[in-house]
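Please take a look at the chain below. The briefing after it goes through the main contacts by topic.

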Amino acid sequence: RAVGEDGQVTYCYFNRLARKPQNPRNPILAVSAEPPVGKVTRKVVDECLEILTCQAFGFYPKEIQATWKRDGEIWEHETFHRNVAPNSDGTYYVQLSIDINPKERDRFRCHLEHEGLQEPLDLAFKEETGERLMGL
């Protein structure tokens with residue numbers, strides 16, 4: 001809580017500033033939703049097994065649905081979920097991993113639903129090319 005030059009009391013809520021409203025029954029103004037940013041990475045274990053990991057971060061509020069889909073259907077087999085955890089800036093992150101056969105990689109998508117998104121996100125693993133543009 002801080003008092004500004006204008007005499008108004010300012011409250012910090014998850015690093016987002018809100019002016020104290022006139023109604024003392026509602027001491028904090030609503031904070032807008034922040035959508036998640038997501039990515040899928042992989043770790044090759046051997047020629048028959050790899051681990052796909054979906055990371056969603058920077059979202060607020062905490063409630064999020066993160067699932068793996070195989071051919072468009074929710075896939076819970078061999079899935080490891082970590083709890084949603086806070087970041088230092090008041091947003092949250094979550095990750096979930098799945099063990100797959102590398103030959104089936106293209107069948108899997110990480111599905112994210114959050115109030116900050118206009119529509120759900122479906123993320124697939126994308127190979128990084130490693131190519132860089134050279135400046136002249």
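The points below cover backbone features, the sheet, aromatic pairs, one loop valine and salt bridges.

This is a predicted model. Four strands build an open sheet. Three aromatic pairs are counted, along with five salt bridges. Asp 71 comes up twice: it has a positive phi, and it bonds to Arg 107 through a salt bridge.

**Backbone features**

- Tyr 60 and Pro 61 are joined by a cis peptide bond, with omega at about 0 degrees.
- Pro 61 sits in the loop that runs between β5 (49–59) and β6 (65–70).
- Asp 71 is not a glycine, yet its phi is positive, at about 55 degrees.
- The loop between β6 and β7 (73–74) holds Asp 71.
- Asp 71 has 48% relative accessibility, so it counts as partly exposed.

**The sheet**

- The strand order is β7-β6-β11-β12, and the pairing is antiparallel.
- β7 and β12 (121–123) are the edge strands. Each has a single partner strand, so one side of each lacks a neighbour in the sheet.
- Two bridges connect β6 and β7, in the antiparallel sense.
- Lys 69 has Ile 74, in β7, as its bridge partner.
- In general, strands of a sheet pair through backbone hydrogen bonds.

**Aromatic pairs**

- The count of aromatic pairs is three.
- Tyr 60 and Tyr 92 are a stacked pair, because their ring centres are 6.5 Å apart and their planes are at 20 degrees. The cut-off for stacked is under 30 degrees.
- Tyr 60 is in the loop between β5 and β6, and Tyr 92 is in strand β10 (residues 92–100), so this pair ties together parts 32 residues apart in sequence.
- Both partners are buried: Tyr 60 has 11% relative accessibility, and Tyr 92 has a relative accessible area of 12%.
- Trp 75 and Phe 108 are an edge-to-face pair, because their ring centres are 6.1 Å apart and their planes are at 80 degrees. The cut-off for edge-to-face is over 60 degrees.
- Trp 75 lies in the loop between β7 and β8 (79–81), and Phe 108 lies in strand β11 (residues 108–113), so the pair ties together parts 33 residues apart in sequence.
- Trp 75 is partly exposed, at a relative accessible area of 23%. Phe 108 is buried, at 3%.
- One aromatic cluster is made up of Phe 59, Tyr 60 and Tyr 92.
- Trp 75 also has a charge over its ring: Arg 70 lies over the face, 4.6 Å from the ring centre.

**A loop valine**

- Val 84 is in the loop between β8 and β9 (85–86).
- Its relative accessible area is 24%, so Val 84 is partly exposed.
- Leaving out residues up to four places away in sequence, Val 84 touches Phe 59, Lys 62, Ile 64, Tyr 92, Tyr 93 and Val 94.
- Two of those contacts, Phe 59 and Tyr 92, belong to the aromatic cluster.
- Ala 56 is 28 residues from Val 84 along the chain, and their C-alpha atoms are 9.5 Å apart.

**Salt bridges**

- The salt bridge count is five.
- In general, side chains of opposite charge can pair when their charged atoms come close.
- Glu 50 and Arg 42 form a salt bridge, with the closest N and O atoms 3.0 Å apart.
- Glu 50 is buried, at 1% relative accessibility. Arg 42 is partly exposed, at 29%.
- Arg 107 and Asp 71 meet in a salt bridge at 2.4 Å, N to O.
- That pair links distant parts of the chain, 36 residues apart: Arg 107 is in the loop between β10 and β11, and Asp 71 is in the loop between β6 and β7.
- Arg 107 counts as partly exposed, at 32% relative accessibility.
- Arg 107 also forms a salt bridge with Glu 104, where the closest N and O atoms are 3.3 Å apart.
- Glu 104 is partly exposed, at 25% relative accessibility.
- Arg 70, Asp 71, Glu 104 and Arg 107 are joined into one network by salt bridges that share partners.
- Arg 70 thus appears in two settings: in this network and over the face of Trp 75.

Terms used. Residues are numbered from 1 along each chain as its sequence is written. This is a predicted model: local features need pLDDT of at least 70, side-chain atom pairs count only at pLDDT 80 or more; totals for chains, interfaces and linings use all residues. Side-chain values use heavy atoms; hydrogens and water are left out. Buried means under 20% relative accessible area, exposed over 50%, partly exposed in between (1.4 Å probe, protein chains only). Rings of Phe, Tyr and Trp (its six-membered ring) pair if their centres lie within 6.5 Å; planes under 30 degrees apart count as stacked, over 60 as edge-to-face and the rest as tilted. A charge sits over a ring if NZ of Lys or CZ of Arg is within 6 Å of the ring centre and within 35 degrees of the ring normal. Two strands pair if DSSP finds at least two bridges between them. Contact means heavy atoms within 4.5 Å. A salt bridge is a side-chain nitrogen of Lys or Arg within 4 Å of a carboxyl oxygen of Asp or Glu.
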